[in-house]
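Work through the exercises below with the sequence and the model at hand. Each task is followed by a solution in steps.

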Amino acid sequence: MREYDLIVIGFGKAGKTLAARQAAAGKKVVLIEKSSAMYGGTCINIACIPTKTMLVAAEKGLGFDEVMAQRSAVVSRLNKKNYAAVSGTADVIDARARFVSNKVVEVSAGADTELLTAAAIVINTGAVPVIPDIPGLAGSAYAYDSTGIQGLSSRPGRLGIIGGGHIGLEFAGIFNKLGTEVTVFVNGPGILRGTEPEIADLAYSYMKEDGIRFELDSAVASVEDSRGAAVLSTNKGDFTFDAVLYAVGRRPNIDGLGLEATDIELTDSGAIKTDRFLQTAVPGVFAAGDVNGGLQFTYISLDDFRIINAYLSRAGQGGQTYSLADRKNIPTATFITPPLAHIGLTEAQAQGQGLDYRTKTLPVASMPRAHVNNDLRGMFKAIISRGDGRILGATLFGSQAHELINLIKMAMDNNIPAEYLASQVFTHPTMAENFNDLFAA
Ligand SMILES: Cc1cc2nc3c(=O)[nH]c(=O)nc-3n(C[C@H](O)[C@H](O)[C@H](O)COP(=O)(O)OP(=O)(O)OC[C@H]3O[C@@H](n4cnc5c(N)ncnc54)[C@H](O)[C@@H]3O)c2cc1C
Ligand SMILES: NC(=O)c1ccc[n+]([C@@H]2O[C@H](COP(=O)([O-])OP(=O)(O)OC[C@H]3O[C@@H](n4cnc5c(N)ncnc54)[C@H](O)[C@@H]3O)[C@@H](O)[C@H]2O)c1
């Protein structure tokens with residue numbers, strides 16, 4: 001049995017960063033990844049990076065083949081870069097890993113198997129798409145998850161999307177820009193629920209203006225392949241599509257990990273249960289990223305790395321280190337057009353908590369940079385505590401929102417009051433300078 005200081009299962013954001021960092025610190029480290037096509041993990045190969053590459057290329061007006069070629073070029077470059085970043089100092093094994101006991105992992109590739117053990121083991125196996133229980137969907141030749149849809153060899157004329165969340169809306173925008181007729185099936189009265197309602201309404205109206213169709217309060221009852229297409233039977237009638245994307249959430253990936261051979265415990269939703277240091281019920285075994293049931297974002301996986309790295313680095317030295325309890329405000333970005341970003345409380349949440357707050361909304365059309373950009377769409381909204389001027393939350397819908405939200409996070413995390421942003425000297429003409437008005441009394 002080969003012995004290591006650290007075994008990392010899965011090439012995710014947390015795992016690859018931890019493997020490289022611990023190996024650089026002199027630890028004997030191995031990272032196990034079941035597919036070389038996944039060096040760098042989900043984000044690099046099948047998620048954040050390829051989808052945003054597709055969006056940017058489609059926004060430039062490129063056609064389907066060029067968009068896909070750019071996607072492949074970027075993924076291939078980053079896949080290689082990620083492999084090099086880890087393999088220089090740690091062992092990388094192309095194999096599937098599974099636990100055979102609490103601290104023993106079997107790696108297998110074809111007929112070859114080997115047992116490995118280590119003082120510390122980190123599970124970073126990500127999440128997999130939930131397949132909705134719709135008769136005929138799983139067997140349809142025209143139904144795809146978010147990975148499958150990126151493998152299409154030609155542009156579908158008609159795309160049906162089941163699910164109006166992050167993935168559904170992002171792909172709706174990409175394919176709409178490529179000239180595909182897109183219909184999104186939403187299982188509720190609107191999209192972007194939980195977002196400030198006036199901004200969700202605006203986003204919905206823009207997407208409709210752009211030609212995206214929505215079937216709200218819809219339920220897909222069955223899918224049937226017929227004459228080279230998929231026919232969706234729904235409570236709103238029958239619809240025929242050349243391709244159907246299902247995007248109704250992703251579940252922690254514990255498939256085939258052999259957890260039943262260990263004392264590792266699961267949460268009710270099937271994630272690996274951890275403490276605030278991301279340690280499982282087995283001391284020395286950690287779970288990072290989507291598999292531990294936290295928010296499913298690459299930057300959360302990176303923050304999980306920080307927690308485990310701090311814990312392992314102080315091993316045996318006692319004292320407190322960074323943990324989940326210290327994690328501050330988490331921003332989000334939804335890459336629709338224009339992008340939508342949020343942090344902290346919405347007005348409804350502030351009201352629900354009985355807080356004394358004021359709100360400020362600012363249409364993007366009032367912003368000088370928006371005129372320079374010739375893109376007047378969107379609205380910014382801030383929620384500010386009346387007493388001490390703290391920023392309680394913000395929703396930014398407009399060009400560069402995904403970048404700007406990080407400035408507000410810094411202010412919120414450090415208790416910098418709204419007044420500071422209201423009087424800060426900003427470069428001009430920029431979208432950021434509008435914080436002078438957004439945060440003014
Ligand atoms: C289409 C899409 C778009 C997204 N866009 C964004 C975005 O813009 N911004 C954002 O922050 N987040 C985005 N996300 C979410 C983000 O991709 C994930 O939260 C993040 O990649 C999770 O990383 P992770 O560290 O959990 O592990 P992952 O990166 O998922 O890595 C897990 C790795 O483990 C490997 N593996 C699994 N089981 C085994 C095993 N038994 N043995 C060996 N290897 C194994 C897998 O092959 C995989 O490479 C998106 C997700 C999707 C699907
Ligand atoms: N920009 C980003 O940061 C980004 C982009 C893509 C994905 N992600 C991450 O990936 C995760 C998964 O994305 P997702 O879009 O699959 O999940 P999601 O949770 O964002 O959205 C799923 C949507 O599907 C709906 N739904 C559920 N069952 C349904 C059904 N049977 N019929 C119709 N609709 C149904 C839900 O109401 C929800 O609106 C996200 O939660 C997010 O954490 C992030």
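**Exercise 1.** Decide whether Arg227 is buried or exposed, and describe its backbone.

Solution. Step 1: in this predicted model, Arg227 has a relative accessibility of 85%. Step 2: exposed means over 50%, so Arg227 counts as exposed. Step 3: Arg227 is placed in the loop between β12 and β13 (229-234). Step 4: the phi of Arg227 is positive, about 50 degrees, although Arg227 is not a glycine. Step 5: most residues other than glycine have a negative phi.

**Exercise 2.** Find the loop that holds Asp217 and give the exposure class of Asp217.

Solution. Step 1: the loop between β11 (213-215) and β12 (220-226) contains Asp217. Step 2: Asp217 is not a glycine, yet its phi is positive at about 50 degrees. Step 3: the relative accessibility of Asp217 is 44%. Step 4: partly exposed covers the range between under 20% and over 50%, so Asp217 counts as partly exposed.

**Exercise 3.** Describe the peptide bond from His428 to Pro429 and the surroundings of His428.

Solution. Step 1: the bond from His428 to Pro429 is cis, with omega near -5 degrees. Step 2: most peptide bonds are trans. Step 3: Pro429 lies in the loop between α11 (418-422) and α12 (435-438), and His428 is also placed in the loop between α11 and α12. Step 4: at 57% relative accessibility, His428 counts as exposed. Step 5: leaving aside neighbours within four places in sequence, His428 is in contact with Pro368 and Glu433. Step 6: an unreviewed UniProt entry lists His428 under "active site".

**Exercise 4.** Locate the cis peptide bond that joins Thr337 and Pro338.

Solution. Step 1: omega of this cis bond between Thr337 and Pro338 is about -5 degrees. Step 2: Pro338 is found in the loop between β18 (332-334) and β19 (340-344).

**Exercise 5.** Which domains give residues to the lining of the second largest pocket, and what makes up that lining?

Solution. Step 1: the second largest pocket holds about 270 Å³ of space. Step 2: its lining has 13 residues, with Glu59, Ile336, Pro339, Gln400 and His402 nearest the centre. Step 3: by class, the lining has 6 nonpolar, 4 polar and 3 charged residues. Step 4: helix α3 (residues 48-59) gives the largest share of the lining, 4 residues. Step 5: domain 1 (2-129 + 250-326) and domain 3 (331-439) both give residues to the lining, so the second largest pocket lies between them.

Definitions and conventions: Residues are numbered from 1 along each chain as its sequence is written. Chains are lettered from A and ligands numbered from 1 in the order in which they are written. This is a predicted model: local features need pLDDT of at least 70, side-chain atom pairs count only at pLDDT 80 or more; totals for chains, interfaces and linings use all residues. Side-chain values use heavy atoms; hydrogens and water are left out. On a 1 Å grid over the protein atoms alone, a cavity is a set of points where a 1.4 Å probe fits but cannot get out, and a pocket is an open set with protein on both sides within 12 Å along at least five of seven lines; lining residues have an atom within 4 Å of a point. Grid points are joined across faces, edges and corners, and a volume is the space filled by probe spheres set on the points. Helices (H or I, at least four residues) and strands (E, at least two) are DSSP runs, numbered from the N terminus. Ala, Val, Leu, Ile, Met, Phe, Trp, Tyr, Cys and Pro count as nonpolar, Asp, Glu, Lys and Arg as charged, and the others, Gly among them, as polar. Domain bounds come from an automatic or database domain assignment. Buried means under 20% relative accessible area, exposed over 50%, partly exposed in between (1.4 Å probe, protein chains only). UniProt positions are given in the numbering used here, feature names are shortened, and annotations may be inferred rather than shown by experiment. Contact means heavy atoms within 4.5 Å.
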